[in-house]
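Open your viewer, switch on a cartoon display and keep the selection box handy. We will go from stop to stop, picking something and looking at what surrounds it.

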Amino acid sequence: MNTGDRYPFNRRQFVGAGGLGLAAAAAVPAFAQDSAQSAASGGQEEALPNPTDKYPKPPFPRQSQPWPGLASRMDPRPDHGETTYRGHGRLLGRKALVTGGDSGMGRAAAIAFAREGADVAINHLPEEEPDAREVIALIKEAGRKGLSIPGDIRDETFCRRLVDETVSGLGGLDILVMNAGRQQSRPSILDVSTDDFDATTKTNIYAPFWIIKAALPHLGPGSTIIGTASGQAYDPSPDLYDYAQTKAATMNYVKSLAKQLGPKGIRVNAVAPGPIWTPLQVSGGASQEKLVHFGGATSLGRPGQPAELGSIYVQLAAEDASFATGQVYGSAGGTGQP
């Protein structure tokens with residue numbers, strides 16, 4: 001008799017099958033425990049939140065703040081995950097620098113990083129100190145080291161000092177999030193002054209160039225650089241002529257740098273948000289007419305909240321995303337992508 005007829009499985013298949021059996025057996029107690037808990041609660045499972053009404057929808061109240069604006073003074077106040085983000089130790093022992101970490105996506109990333117086990121330095125403008133203090137307090141509540149480094153990243157000398165102070169204060173650097181951005185709505189190119197264009201370009205493009213150059217000597221294999229692009233890189237609004245250009249350039253430098261640094265084991269990616277409720281909008285980034293209806297044209301009928309992007313920054317920074325480089329992760333409520 002052919003042994004293949006008697007034993008249709010080879011050794012590798014048998015071991016694999018056994019492994020599956022063991023895994024299934026191990027899963028039974030957990031499943032039984034979940035079932036018991038469900039029964040104890042009357043068989044009722046908590047319904048998943050509907051993303052369309054999870055957060056505020058337009059119309060929003062008209063409001064204006066001087067640049068750069070404070071999240072703490074917005075109505076409604078943005079959610080950065082202050083009470084909702086739960087860490088799972090995915091970034092234990094890591095050292096992160098987040099520009100624009102006082103509010104918006106930078107704040108959401110800083111909170112998430114700390115709750116995942118990372119020490120975090122945030123950069124912000126001196127005017128944003130009230131928001132920054134809140135972030136540092138949350139980082140320390142998570143049991144991690146938090147540094148607040150105020151200063152204007154449009155200055156090359158400060159950018160170098162920012163990296164030096166981060167490395168000195170945290171004892172190293174292996175996560176770099178280039179998030180700080182400048183956005184000012186102008187109806188026409190004729191309304192964009194040379195000073196406007198220069199300020200936006202220096203904040204959004206020159207600063208990452210200077211900071212990444214200063215940080216590279218400290219970044220070893222396994223380190224990550226994360227840029228913040230935008231849906232504006234793919235589908236620019238007519239009133240964001242200069243801003244949209246810088247976000248297209250961000251997407252491009254991320255892809256270029258990923259190829260350059262990949263052989264060194266350093267990954268480079270970006271997050272591309274759509275309309276997100278941040279101080280960027282109320283401090284000149286959107287007209288009052290657009291602000292009232294902000295985010296209403298998305299598939300979900302509302303703008304995103306910074307808290308909805310925090311986990312994306314964590315995923316791009318985490319070691320288990322080690323094959324992701326040169327990628328741009330969109331989160332735009334169904335809009336803004338090619």
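Start by selecting K290 and showing its side chain. In this predicted model, K290 counts as partly exposed, with a relative accessibility of 30%. Now add D239, which forms a salt bridge with K290; the closest N and O atoms are 3.0 Å apart. D239 lies in the loop between β5 and α7 while K290 sits in helix α9 (residues 288-292), so the pair ties together parts that are 51 residues apart in sequence. Is D239 buried or exposed? At 11% relative accessibility, D239 counts as buried.

**More salt bridges**

The structure holds 16 salt bridges, and a few of them make good stops. Select R302 and E308, whose side chains meet in a salt bridge of 2.8 Å, N to O. R302 is buried at 3% relative accessible area, whereas E308 is partly exposed at 25%.

Next, select R154 and D152. Their salt bridge is 2.8 Å, N to O. Here R154 is partly exposed, at 36% relative accessibility, and D152 is partly exposed too, at 29%.

Then select R77, E82, R107 and E134 together: salt bridges link these residues in a network. Keep R77, R107 and E134 on screen, as you will meet them again.

**The sheet**

Go back to the cartoon and colour the strands. The protein chain has 10 helices and 7 strands. In what order do the 7 strands sit in the sheet? They run β3-β2-β1-β4-β5-β6-β7, forming an open sheet with parallel pairing. At the edges you will find β3 (146-150) and β7 (328-331), each pairing on one side only. Neighbouring strands are turned against each other by 15 degrees on average, ignoring direction.

Zoom in on β5 (residues 224-228) and β6 (residues 267-273), which pair in the parallel sense over 5 bridges. For one of the bridges, select T228 and look across to its partner in β6, V271.

Two helices to show against the sheet come next. Helix α7 (residues 241-261) packs on it, touching β4, β5, β6 and β7, and the direction of α7 makes about 160 degrees with that of β6. Helix α3 (residues 104-115) also packs on the sheet, in contact with β1 (95-99), β2 (119-124), β4 (175-178), β5 and β6. The direction of α3 makes about 165 degrees with that of β2.

**Inside α7: V254**

Select V254, which is in helix α7. V254 has 0% relative accessibility and counts as buried. Beyond its neighbours within four places in sequence, V254 is in contact with V268, N269, A270, G326 and Q327. Try a C-alpha to C-alpha distance from V254 to A270: these residues are 16 apart in sequence and 6.7 Å apart in space.

**An enclosed helix: α10**

Now select residues 310-317, which make up helix α10. Why is this helix described as largely enclosed by the rest of the structure? Because 6 of its 8 residues are buried. Those buried residues are G310, I312, Y313, V314, L316 and A317. Show what covers them, and you will find α3, β4, β5, β6 and β7 among the covering elements.

**A buried acid: D102**

Move to the loop between β1 and α3 and select D102. D102 is buried yet has no salt bridge. How far away is the nearest side chain of opposite charge? That side chain belongs to R107, 6.6 Å away; a salt bridge needs a nitrogen and an oxygen within 4 Å. D102 does have a polar contact of 3.3 Å with the side chain of S103. Setting aside neighbours within four places in sequence, D102 is in contact with R107, I122, N123, H124, E128, D131, A132 and V135.

**Last stop: S72**

Keep D131 displayed and select S72, in the loop between α2 (11-40) and β1. S72 is partly exposed, with a relative accessible area of 27%. The side chains of S72 and D131 make a polar contact of 2.9 Å. Apart from neighbours within four places in sequence, S72 is in contact with R77, D131 and E134. To finish, draw a C-alpha to C-alpha line from S72 to P279: they are 207 residues apart in sequence and 9.0 Å apart in space.

Technical notes:
Residues are numbered from 1 along each chain as its sequence is written. This is a predicted model: local features need pLDDT of at least 70, side-chain atom pairs count only at pLDDT 80 or more; totals for chains, interfaces and linings use all residues. Side-chain values use heavy atoms; hydrogens and water are left out. Two strands pair if DSSP finds at least two bridges between them. Helices (H or I, at least four residues) and strands (E, at least two) are DSSP runs, numbered from the N terminus. Axes are lines fitted to C-alpha atoms, for helices over the stretch in contact, and angles run from 0 to 180 degrees between N-to-C directions. Contact means heavy atoms within 4.5 Å. Buried means under 20% relative accessible area, exposed over 50%, partly exposed in between (1.4 Å probe, protein chains only). Lys and Arg count as positive and Asp and Glu as negative; His and the chain ends are not counted. A polar contact is a pair of N or O atoms within 3.5 Å; within protein, one must be able to donate a hydrogen and the other to accept it, and residues adjacent in sequence count only if both atoms are side-chain atoms.
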